[in-house]
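Here is a short tour for anyone meeting this structure for the first time. Have a look at it, then read on.

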Amino acid sequence: MHILLRGRDIPNIKQLDVYETHGGFDGLRKSLTMTPAEVIDVVKASGLRGRGGAGFPTGVKWSFIPQHEPIKYVTVNADESETGTFKDREIMEENPYQLIEGSLICAYAIQAKAVYIYLRGEFWDIGAQLDECIEALRAKGLVGENILGSGYDCEVYTHLGAGAYICGEESALLNSLEGYLGQPRVRPPFPAQKGGGLYKEATVVNNVETLANVPFIMTEGAQAFKAIGTEQSAGNKIYCVSGHVKRPGNYELPMGATFRELLYEQAGGPLHDDRPFKAMLPSGGSGPIVPLTDEVLDTCMSYEDCASIGTIIGSASIIIMDETVDMTWVASKVTKFFKHESCGKCTPCREGTYWLDKVIDRILDGRGTADDVKRIADVAENMAGTTLCALGDFAANPIIHTIRHFPDDFAQHVQV
Amino acid sequence: MAIIGNPKYEQRIERHLAKYETARSAVMPLLYIAQEEYGWVNSEGIGEVAQLLNLDPTQVKSIAGFYTMYSEKPKGKYWLQVCTDLPCALQGADDFHAWLKDELGLDEGGTTDDGLFTVEHVMCLAACDKAPMLQCNFSYVEELDQAKMRQLLAKWRSEAQVAANGRG
């Protein structure tokens with residue numbers, strides 16, 4: 001059953017009347033009869049964790065907002081820029097009201113005065129569609145002053161980025177929304193604290209998929225949500241599958257399903273039957289790569305199980321590579337991405353990605369040496385943990401883990 | 001024309017200025033409007049956005065320079081940005097990108113002599129299951145191959161011809 005990709009089951013759920021016929025805004029209606037603290041308790045009890053990648057418990061994040069502060073905000077992270085990620089796009093294209101309803105429930109729970117949906121600039125058409133949805137809701141008293149006669153006021157706005165991966169990092173997103181360069185901030189103060197959020201006010205920043213889960217939690221109850229998935233990873237997850245499979249696409253399955261189920265039963269197995277799987281990036285370009293062994297295929301897709309095989313589930317942007325793919329080339333591709341997307345603020349990331357790219361190009365050209373392979377591993381290890389945001393760590397991962405798991409792929413290019 | 005005092009943009013500018021707590025927050029939407037009017041973010045557009053927001057033009061220019069979707073030089077009428085990031089490349093996007101440049105006789109980032117087409121590669125556009133794909137101006141064109149692309153180029157050429165005749 002789809003909780004998120006309901007556009008697959010219900011034709012035209014992107015229209016407000018159809019969404020309402022199928023229980024749309026019941027979650028908001030129910031929330032408005034509860035106290036904000038009660039809503040936060042339900043979300044906490046559901047076990048929902050952030051779907052943007054970090055997996056932080058959502059209700060706990062909401063509870064960090066100081067209720068005595070007069071001005072609070074919700075910011076929806078719809079920047080979706082991680083290599084291999086295309087799930088939030090389908091939610092917003094095919095089931096947009098569910099995202100807005102989840103955002104309004106979050107806003108009510110923290111008593112925010114406004115919601116800003118920050119979309120990557122390339123989602124120009126999706127932004128226009130969301131603007132139309134917001135106006136349709138305003139006409140029905142679901143956005144704006146005195147929502148559904150509750151006395152609670154909340155505005156919802158969209159904001160388009162303009163092509164910068166770093167704006168998916170929450171503090172860079174806030175800077176960008178304020179009209180500054182999209183570069184990360186020094187923390188503390190954190191966004192949830194006075195001084196750290198949007199316009200220096202306490203702010204919740206949640207991913208699109210995270211918030212799209214909230215209406216189900218409010219209508220069906222925390223226990224119904226917690227019954228799906230594993231002990232530490234509750235609910236469904238959208239897995240974005242790309243690369244060498246027969247049927248790339250989004251698949252919504254419970255957390256805790258195995259990689260084998262996703263890649264064979266859903267995505268149809270290897271693109272070419274005579275070319276077995278070789279490797280997988282389970283969390284886009286930023287998470288550690290793993291060889292696609294039987295052990296990995298039988299691993300459950302949950303926060304805790306992915307940790308046990310040395311990687312992360314993150315945003316579940318699963319990129320599959322078959323045996324024809326050279327991992328040195330993969331390291332180069334992912335490094336070029338991070339070099340381009342480094343915001344330039346922290347020296348280890350700015351300089352590190354630049355030099356990693358140059359040396360990998362040299363290796364791929366056949367002009368590298370075995371020492372160069374050691375050199376890039378050394379540079380990557382010196383970047384990790386030394387930057388204001390996680391981009392520096394992300395950029396180190398493709399080097400460290402491709403060399404660790406596939407040393408022969410590098411050795412074939414270098415002079416001894 | 002200009003964007004200040006241009007009835008085409010008046011309502012949009014007002015709406016953007018009203019939706020934020022600070023004027024400065026409207027710099028990104030207003031830069032898109034400037035780009036729409038002038039075809040790229042030129043110094044006139046920068047100056048007008050700065051004036052509207054009470055900022056220094058240098059501050060506005062730094063924003064335009066940071067983000068890749070603001071073009072700091074003129075582009076073709078059809079600005080084609082091919083995603084060549086890892087998932088798309090696994091589905092042949094590098095070859096497709098090279099072929100497209102070849103087909104139009106362009107180097108990376110170049111514009112055809114008739115001013116119609118600019119070709120560049122870009123980072124992940126969140127369409128990895130529909131590769132090869134590109135962004136034409138701000139719209140996605142997905143599941144491409146050479147035959148489909150040739151048809152699109154012909155269609156865009158004839159649309160541009162019709163528009164030119166209409167002006168004449």
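## What covers helix α7 of chain A

Let's start with the surroundings of one helix. The cover over the buried residues of α7(A) includes α1 (16-21), α5 (87-94), α6 (96-110), β2 (114-119) and β3 (155-160), which belong to chain A. Keep in mind that this is a predicted model.

## The helix itself

Does the length of α7 in chain A come out long, short or as expected? The helix runs over residues 124-139, which makes 16 residues, and at 1.5 Å a residue it should span 22 Å. Its end C-alpha atoms sit 23 Å apart, so the length agrees with what you'd expect.

Which residues of α7(A) are buried? They are A:I126, A:G127, A:L130, A:C133, A:I134 and A:L137. Looking down the axis of α7(A), you'd find these buried residues within an arc of 115 degrees, so they line one face of the helix. Over on the other side of α7(A), A:E132 and A:A139 are exposed. After the helix comes A:G141, and its phi is positive, near 75 degrees.

## A closer look at A:L130

Now pick out one residue from that helix. A:L130 belongs to helix α7 of chain A, and is it buried or exposed? Its relative accessible area is 0%, and because buried means under 20%, A:L130 counts as buried.

Who are its partners, once neighbours within four places in sequence are set aside? A:L130 then touches A:M92, A:P96, A:I100, A:I117, A:L119 and A:T158. For a sense of distance along the same chain, take A:A267: A:L130 and A:A267 are 137 residues apart in sequence, and their C-alpha atoms are 30 Å apart in space.

## Over to chain B

Chain B has seven helices and four strands. Reading from the N terminus, its elements go α-α-α-α-β-α-α-β-β-β-α. The C-alpha trace of chain B spans about 50 × 45 × 25 Å along its principal axes.

How much of chain B is buried? Of its 168 residues, 54% are. Among the contacts in chain B with a separation of 6 or more, 57% are between residues 24 or more positions apart.

## The surface and charges of chain B

On the outside, chain B exposes about 7700 Å², and carbon and sulfur atoms supply 48% of that. As for charges, chain B has 16 positive and 24 negative ones, and the mean positions of the two sets lie 3 Å apart.

Methods. Residues are numbered from 1 along each chain as its sequence is written. Chains are lettered from A and ligands numbered from 1 in the order in which they are written. This is a predicted model: local features need pLDDT of at least 70, side-chain atom pairs count only at pLDDT 80 or more; totals for chains, interfaces and linings use all residues. Side-chain values use heavy atoms; hydrogens and water are left out. Helices (H or I, at least four residues) and strands (E, at least two) are DSSP runs, numbered from the N terminus. The expected span of a helix is 1.5 Å times one less than its number of residues. Buried means under 20% relative accessible area, exposed over 50%, partly exposed in between (1.4 Å probe, protein chains only). The arc is that of the directions from the helix axis to the C-beta atoms. Contact means heavy atoms within 4.5 Å. Accessible areas come from the Shrake-Rupley method with a 1.4 Å probe; for residues, only the protein chains shown count as cover. Lys and Arg count as positive and Asp and Glu as negative; His and the chain ends are not counted. The place of a charge is taken as NZ of Lys, CZ of Arg, CG of Asp or CD of Glu.
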